[in-house]
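Reader: I am in my first year and would like a close look at one part of this structure. Please take the open sheet and what surrounds it.

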Amino acid sequence: MDKSERIPEISDAKNPASPALQFDCAFPGGNVRIFDFDSRNGIVHLDSDFRDSIPDQLWTYFRVRGAAGKKLLFKFTGAGPFRRARVSRPGMAYSLDEGKSWSWTSPETDNKDYYSFSFDFPKDADTVRFATTIPYLETDLNACLATHPSLQRTTLTNSPKGRNVPLIT
């Protein structure tokens, strides 16, 4: 799935003016493939996007818009070339403020097989982000370094795709 691609779906049959649901990962660290959305039953079939990942590096980080007040069931499909992503033991991490703060879904709402989870979207939640674990991105590192001037960033090496790999001393 192209990071900018969204899968627009249904308007609520009871309220045709309600916004369509949107699923995407068009932000730093975002990673998901949406295979299907069963709007009638509120089931999203998804998995990690394995595009150039090592098979055991499974993470999922995605955003849902337009689901305020709805309950959805997310099922990891295993349709990827390796194996399917899993829900971590504390559940899925979720953020109601675009990734600034995080909470965990309740293990009681997650299926015991670790391959699915359900979520009741708060009525005022326009956007919710979900992740396999709480993301730590370059912006988080930059904020940390800004508050700790004794730490220095240099380049350890370059990644296979040419990005600097930082060394913090």
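Author: What follows goes through the open sheet, then one residue in it, then the aromatic rings.

The model is predicted, so local features need pLDDT of at least 70 and side-chain atom pairs count only at pLDDT 80 or more, while totals for chains, interfaces and linings use all residues. Residues are numbered from 1 along each chain as its sequence is written, and side-chain values use heavy atoms, with hydrogens and water left out.

Strands here are DSSP runs of E of at least two residues, numbered from the N terminus. Two of them pair if DSSP finds at least two bridges between them. Strands of a sheet pair through backbone hydrogen bonds, either parallel or antiparallel.

The open sheet has 5 strands in the order β1-β4-β9-β6-β7, and their pairing is antiparallel. At its edges are β1 (22-24) and β7 (103-104), each of which pairs on one side only. Inside the order, β6 (residues 93-95) and β9 (residues 127-131) run antiparallel and are joined by 3 bridges. Ser-95 has Arg-129 in β9 as its bridge partner. Arg-129 also lies over the face of Phe-27, 3.9 Å from the ring centre; a charge sits over a ring if NZ of Lys or CZ of Arg is within 6 Å of the ring centre and within 35 degrees of the ring normal.

Back at the edge, strand β1 contains Asp-24. Asp-24 has a relative accessible area of 0% and is therefore buried (buried is under 20% relative accessible area, exposed over 50%, partly exposed in between, with a 1.4 Å probe and protein chains only). The side chain of Asp-24 makes a polar contact with the side chain of Arg-63 at 2.8 Å. Such a contact is a pair of N or O atoms within 3.5 Å; within protein, one must be able to donate a hydrogen and the other to accept it, and residues adjacent in sequence count only if both atoms are side-chain atoms. A polar atom of the Asp-24 side chain also lies 3.2 Å from the backbone nitrogen of Ala-26.

Now the rings. Ring pairs link Phe-62, Phe-74, Tyr-94, Phe-117, Phe-119, Phe-121 and Phe-130 into a cluster. Rings of Phe, Tyr and Trp (its six-membered ring) pair if their centres lie within 6.5 Å; planes under 30 degrees apart count as stacked, over 60 as edge-to-face and the rest as tilted. The whole structure has 12 aromatic pairs. In one, Phe-119 and Phe-121 have ring centres 4.9 Å apart and planes at 85°, so the pair is edge-to-face. Phe-119 and Phe-121 are both buried.

Methods: Helix = DSSP H or I, 4+ residues; strand = E, 2+ residues; numbered from the N terminus.
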